[in-house]
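Me: Please show me the sequence and the model. I would like to go through the strands and the packing around them.

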Amino acid sequence: MKRGFGWPRTLASRLSLIFLISLVLAHGLSFGLQFYERYESAMTTMLGNMERDLTTTVAILERLPVEERPSWLPRFEHPTYRYVLGPGQTGTPVDMDKAPMSVHSMQDSLGRDYTLTFNNIADSHPHYQAHLTLKDGNPLTIDVRPQITPLSPWLPLLLIGQLVLLIACTWLAVRTAIRPLTRLSHAVDNLDPNGEGIRLDESGPAEVAFAAVAFNTMQQRIAAYVKERMQLLAAISHDLQTPITRMKLRAEFMDDGVEKDKLWSDLSEMQHLVQEGVAYARSMDTSTETARRVDMDSFLDSLVFDYQDVGREVELSGKTGAVIDTRPHALRRVLVNLTDNALKFGGAAQIQVLANPDNSLSLQVLDRGPGIAEAQLSEVLKPFYRVESSRNRDTGGTGLGLAIAQQLTIALGGTLSLSNREGGGLCAQLKLPARIATGTVKITDL
């Protein structure tokens, strides 16, 4: 089934459709039954009046002199039938099995005293005539033009008002039911492992309050588990630095040789891994740094100049004049990790600043290195994952640099994505939330 005619995708649309169809069907059925009952009642009353009128009119005509009868006929005329002195028009006989109710009513009221015949008259609307002979031998024709009972002029307005009321009630019911789910999904999207996410209101209906309490409790437990794990990782990493330092001091007293070099290399790699473990553990807790306004042009100039001062080939392109509200130390650590990664595998790095149509800011760190296989672009952002080619002593990768950048980016409210460049190389794009202003706020303490 095509999507245009398929089942709605959102829960609100589905509930609205179900409620609205159910209410419209129930309302339509109720209205149909009431209208049918009203029609039957009106038809019974009308036929009763018609029978009395026919009996009275024929009785009056029987008693009137023949010459006075024509003057009385206009008085007996009704919107749906009239009386004609004469044989009337010719037509086709009426099938009594399919005859209208008014035919049977005439037969019941006059058939006891007169012989009635009924003919259908060719016309654009229903039209038939009943023929009988008065007791003085003169023919009498009852010309009948049945009409549908007209609707009251206020009935369509009432139906439209009821439909609007049904739609409004459906919208209110769905909105009441969906709002807690919307708040829950928004809270899940903004779930902070540090326990600083959105806390749901625990009031309202019992089911909603129970779900809110469960979510708030889950958020607190996740924060406690993550904090405990990071504290354990930080403690182990910190405690390992002391024995590694002692081992390196002892290695200093060894005689020069291949074994000393291998041991020193292994200890240096272990120390680097421990330092990265501590850094990753700290990246999980960004609550210690407060956000402040940062002039991105000055911030990036300072970062690039630091690299250029030590002879590293790093370039900056693009100016935006943007001032954003962010955590500068965390942002600097993200860019340093991405730039170091570009320098390690590409030998040079280029930082490009782009202003997006949605007023957000994109920072791209570009290199001309070997790139990463498409299947591994998302995997390298996970902790301790390393591309196979980096498992050597020249690169010394620990698999935590990009993971730290990813974790800090999430804490900053941004997104980090990797993609391969045309012609070779990697593009690491950091997208930050919308800028808050433009100006020249100089950063001097970074």
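**Strands, helices and core**

Me: In this predicted model, which residue in β12 does N420 stand opposite?
Reply: N420 belongs to the stretch 415-420, which is β11. The strands β11 and β12 run antiparallel and are joined by six bridges. Across from N420, in β12, stands L426.

Me: What is the order of the strands in the open sheet of five strands?
Reply: Pairing in this sheet is mixed. Two strands, β7 (314-317) and β11, pair on one side only and form the edges. Neighbouring strands are turned against each other by 20 degrees on average, direction ignored. Read across, the order is β7-β9-β10-β12-β11.

Me: At about what angle to β11 does α9 run?
Reply: The helix α9 covers residues 401-411. It lies across β11 and β12. Its angle to β11 is about 140 degrees.

Me: Which element gives the largest share of the largest nonpolar core?
Reply: This core has 39 residues, and those touching the most other members are M296, L331, L335, L338, L363 and L418. Elements that give two or more residues include α7 (296-309), α8 (328-346) and β10 (361-366). Seven residues, the largest share, come from α8.

Me: Which residues does L335 touch, not counting those up to four places away in sequence?
Reply: L335 is among the core members that touch the most others. L335 falls within 328-346, the range of α8. With residues up to four places away left out, the contacts of L335 are F299, L300, L303, L363 and L430.

Conventions. Residues are numbered from 1 along each chain as its sequence is written. This is a predicted model: local features need pLDDT of at least 70, side-chain atom pairs count only at pLDDT 80 or more; totals for chains, interfaces and linings use all residues. Side-chain values use heavy atoms; hydrogens and water are left out. A nonpolar core is a set of buried Ala, Val, Leu, Ile, Met, Phe, Trp, Tyr and Cys residues joined through side-chain atoms within 4.5 Å. Buried means under 20% relative accessible area, exposed over 50%, partly exposed in between (1.4 Å probe, protein chains only). Helices (H or I, at least four residues) and strands (E, at least two) are DSSP runs, numbered from the N terminus. Contact means heavy atoms within 4.5 Å. Two strands pair if DSSP finds at least two bridges between them. Axes are lines fitted to C-alpha atoms, for helices over the stretch in contact, and angles run from 0 to 180 degrees between N-to-C directions.
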